[in-house]
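Biologist: Please take a close look at one part of this model, the way its helices pack, and then follow the description into the enclosed space and the loops around it. A connected account would be preferred to a list.

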Amino acid sequence: MTWARTLPAGRAHAHPEPISGAPYSAVELMVGDKTLMLLDQRKLPAHERYEYVSEWTQVEEAIKSMMVRGAPAIGIAAAYALVLAAARGAETLRAAADALGKARPTAVNLAHAIATIMREAEKNSAPAHLAEVARTYHKEEVAACKRIGARGAEALPQKCTVLTHCNAGALATGGFGTALGVVRAARAAGKDVHVIACETRPLLQGARLTAWELARDHIPVTLVTDSMAASIMARGEIHAVVVGADRIAKNGDVANKIGTYGLAVLAHAHDIPFYVAAPWSTVDLACADGAAIPIEERSEDEVLAIETTRIAPAGVTARNPAFDVTPARLIRAIYTERDVDLLHPTP
Ligand code: MRU
């Protein structure tokens, strides 16, 4: 596997065999366990640029700034950040676990990954040991995506157009993807799947990241603005909607990128099946329903400007909730790697 990478001047890092299983990766721990490599997703698709960080605080900042984003990917990044923190002692490890858990509030994968590492650290907090635990966590997340993909792919017709929102692909996970994992698995099974990607305002994860990943894999993808979804559905051009999730409550309510709820309402109105694909690390059984899911509010600047170009008049304010909640009743199926039907639990 070769890396398309830009190494910082004067530094070289021993690259491991990428756990992502792809020629690009959102996050990988370098050989020696002292450096984490992050693909700067804010720069895609113009630049495929990797950053190399060796302090947990840099990973915290990378998560907050969305250099690394997507619920499973930020969980994996946090797990590796704790390996870096452990090298600085037990007190730093505890402080890192606390701070990383608050970096982004909606994706429960963060808490899940941190709990996994901290449970192990109680027994053995040697960085080398925690690095192995974190790598195993990363590998299990990729394996989960493949299982999710296989399950979801079965639901898709032999020839279909799938609408997706945001980016729930290899970039948002340890590799392979959840919603895009379903598409990849269906294509691998010989199905003729075309993807309609919603651009996903305000940060354009659909336009920048989903389109980039799929084009790289030669999977046909057509970009639409978010406001085009209703009309395309009304014309009968969409056969299924498949999205990822940031947190799934016990009753099957799903928090995902802002705009997902609207798409679910539209899908319901047009009798189009709406599917959610997510690993078990996204399920929060402690959350009774969607009302209990914390919704991240991000800076209004992300709405008022595109990158550094202001698009709204001076003095205008904006709202920027990063996620919304889709009620379980609008969801046809939730695919995880487990044989559990969250929408129809057995008593
Ligand atoms: O704000 P982001 O880009 O981190 O939001 C990502 C999403 O909403 C994804 O759909 C979700 O995390 C699932 S990723 C497999």
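Modeller: In this predicted model, helix α4 passes helix α5 in a right-handed crossing. The two helices, α4 covering residues 109-123 and α5 covering residues 127-155, pack at an angle of about 145°, and their axes lie 10 Å apart. On the α4 side the contact is formed by Asn109, His112, Ala113, Thr116, Ile117, Glu120 and Ala121. The partners contributed by α5 are His129, Leu130, Val133, Ala134, Tyr137 and Glu141. An α-helix has 3.6 residues a turn, so residues three or four places apart point the same way. By character, the residues of this contact comprise 7 nonpolar, 4 polar and 2 charged.

Helix α5 also takes part in the surroundings of helix α6, being among the elements that cover the buried residues of α6. The others named in that cover include the strands β4 (159-164), β5 (192-198), β7 (240-243) and β10 (274-277), together with helix α7 (205-216). Helix α6 spans residues 179-188, and because 8 of its 10 residues are buried, it is largely enclosed by the rest of the structure. The buried residues are Ala179, Leu180, Gly181, Val182, Val183, Arg184, Ala185 and Ala186. Just after α6 comes Gly190, which adopts a positive phi of about 95°.

The loop between β5 and α7 holds two further backbone features. Pro202 is placed in this loop, and the peptide bond that joins Arg201 to Pro202 is cis, with omega near 10°. Leu204 lies in the loop between β5 and α7 as well; Leu204 is not a glycine, yet its phi is positive, at about 60°. The side of burial is clear for Leu204, since a relative accessible area of 18% falls under the 20% cut-off and the residue therefore counts as buried.

Pro202 leads on to the enclosed space, as it is one of the residues that line the second largest cavity. The structure holds 2 cavities of 30 Å³ or more, and the second largest contains about 50 Å³ of space. Its lining also includes Met66, Arg104, Leu203, Gln205, Lys257, Ile258, Arg298, Glu302, Asn320, Pro321 and Ala322. In this lining 6 residues are nonpolar, 2 are polar and 4 are charged. Met66 has a backbone feature of its own: its phi is near 70°, a positive value in a residue other than glycine. Met66 is located in the loop between α1 (56-64) and α2, and it is buried, with a relative accessible area of 6%.

The largest cavity has a volume of about 190 Å³. Of the 24 residues that line this cavity, Gly70, Ala71, Asn167, Asp246 and Asn256 are the closest to its centre. Two elements, α2 (71-86) and β9 (254-257), each give two or more residues to the lining. The lining of the largest cavity divides into 11 nonpolar, 9 polar and 4 charged residues.

One more cis peptide bond should be recorded. The bond from Leu44 to Pro45 is cis, with omega near 5°, and Pro45 is found in the loop between β2 (36-39) and β3 (50-53).

Terms used: Residues are numbered from 1 along each chain as its sequence is written. This is a predicted model: local features need pLDDT of at least 70, side-chain atom pairs count only at pLDDT 80 or more; totals for chains, interfaces and linings use all residues. Side-chain values use heavy atoms; hydrogens and water are left out. Axes are lines fitted to C-alpha atoms, for helices over the stretch in contact, and angles run from 0 to 180 degrees between N-to-C directions. Helices (H or I, at least four residues) and strands (E, at least two) are DSSP runs, numbered from the N terminus. A crossing is left-handed if the near helix is turned anticlockwise from the far one by less than a right angle, and right-handed if clockwise. Contact means heavy atoms within 4.5 Å. Ala, Val, Leu, Ile, Met, Phe, Trp, Tyr, Cys and Pro count as nonpolar, Asp, Glu, Lys and Arg as charged, and the others, Gly among them, as polar. On a 1 Å grid over the protein atoms alone, a cavity is a set of points where a 1.4 Å probe fits but cannot get out, and a pocket is an open set with protein on both sides within 12 Å along at least five of seven lines; lining residues have an atom within 4 Å of a point. Grid points are joined across faces, edges and corners, and a volume is the space filled by probe spheres set on the points. Buried means under 20% relative accessible area, exposed over 50%, partly exposed in between (1.4 Å probe, protein chains only).
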